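Biologist: Please take me through one part of this model closely, and put that part in the setting of the whole chain. Plain description will do.

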Amino acid sequence: MAFESLSTRLSDLEPGIRMIETAYTNGLKLVLGEYGNMTIRTGTKDIDRKQAGLVAKILQRNSADILGIAGNQEKTRALLAETQKTLASAYESWNEALDLWDRLEKSYRKIFTDDHTCVVGETCIEKAVVSCTACGERRATQCPEENSTTTT
Ligand SMILES: [Zn+2]
């Protein structure tokens with residue numbers, strides 16, 4: 001599944017991304033050297049020197065994670081291109097699934113008019129993006145303030 005491979009990669013790159021974000025939010029700049037090395041420079045003048053020094057030490061210690069992204073420009077670009085495609089295809093699947101859910105549940109309710117229970121089991125799952133109309137109505141009567149989370 002596309003979603004799984006995307007989340008695996010995010011967790012793989014998360015430490016490196018976090019380090020790069022940390023560098024720039026602390027006014028530091030990462031400069032790549034010719035030999036795949038990395039130098040940390042102060043990007044802006046008005047930074048807390050003591051804080052920047054501490055952050056620089058942390059960055060230096062985690063340079064392998066940073067270089068996993070910054071040191072592989074082509075690989076990172078390819079990953080971005082792939083991620084963009086994954087998002088486009090996930091969005092398409094998402095829209096298709098929403099449409100399928102909506103039209104199939106409506107069809108089901110029209111044919112099986114005696115069934116006023118949940119269409120997927122005892123109840124719609126907690127993380128459901130859309131709940132069935134039975135669960136939606138039940139939740140709306142139980143907690144009216146959560147009306148916005150259910151769709152019909
Ligand atoms: Zn339900």
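**From the overall fold to helix α4 and the zinc site**

Modeller: Read along the sequence, the protein runs α-β-β-α-α-α-α. That gives 5 helices and 2 strands. The model is a predicted one. Of the 152 residues in the protein, 21% are buried. The accessible surface comes to about 11600 Å², and carbon and sulfur atoms hold 55% of that area. Among contacts with a separation of 6 or more, 41% are between residues 24 or more positions apart.

The part to look at closely is helix α4 together with the segment that follows. Helix α4 spans 73-111, and a loop connects α4 to α5, which spans 133-142.

Begin with the charged side chains. The salt bridges come to 4 by count, and those described here include three in helix α4. One of them joins D99 and R103, with an N to O distance of 3.6 Å. Both residues lie in helix α4, 4 residues apart, or about one turn of the helix. D99 has a relative accessibility of 39% and therefore counts as partly exposed. R103, at 55%, counts as exposed because the cut-off for that class is over 50%.

Next comes the salt bridge between D102 and K106, where the closest N and O atoms are 3.2 Å apart. Here too the partners sit in helix α4 with their positions 4 residues apart, about one turn of the helix. D102 is partly exposed at 26% relative accessibility, and K106 is partly exposed at 42%.

The side chains of E105 and R109 also meet in a salt bridge, at 3.2 Å from N to O. E105 and R109 are 4 residues apart in helix α4, so about one helical turn separates them. Both E105 and R109 are buried, which means that each has under 20% relative accessible area.

Now the aromatic side chains. The structure holds 1 aromatic pair. The rings of Y108 and F112 have centres 4.8 Å apart and planes at 40 degrees, so this pair is tilted. The class follows because planes under 30 degrees apart count as stacked and those over 60 as edge-to-face, with the rest tilted. Y108 is partly exposed, with 28% relative accessibility. F112 is also partly exposed, with a relative accessible area of 45%.

Last, the metal. A zinc ion is coordinated by the SG atoms of C118, C124, C132 and C135, at 2.3 to 2.4 Å. The angles among the 4 donor atoms are 103 to 114 degrees, and the site is tetrahedral. That label applies because four donors count as tetrahedral if all angles lie between 85 and 135 degrees. Along the chain, the donors of the zinc ion are spaced as C-x5-C-x7-C-x2-C. The pair C118 and C135 links distant parts of the chain: C118 is in the loop between α4 and α5, C135 is in helix α5, and the two are 17 residues apart. C118 and C135 are both buried.

Taken in chain order, this part begins with the salt bridges of helix α4, among them D99 with R103. The tilted ring pair of Y108 and F112 comes next. The zinc ion with its four cysteine SG donors completes the picture.

Technical notes: Residues numbered from 1 in each chain as written. Predicted model: local features only at pLDDT ≥ 70, side-chain atom pairs only at ≥ 80, totals over all residues. Heavy atoms only, no water. Donors = N, O, S within 2.8 Å, 3.2 Å for Na, K, Ca; no water. Tetrahedral: all angles 85-135°; square planar, octahedral: opposite > 155°, others 65-115°. Buried < 20%, exposed > 50% of the residue type's maximum accessible area, 1.4 Å probe, protein only. Phe/Tyr/Trp six-rings, centres within 6.5 Å; stacked < 30°, edge-to-face > 60°. Contact = heavy atoms within 4.5 Å. Areas by Shrake-Rupley, 256 points an atom, 1.4 Å probe, with all protein chains shown as cover.
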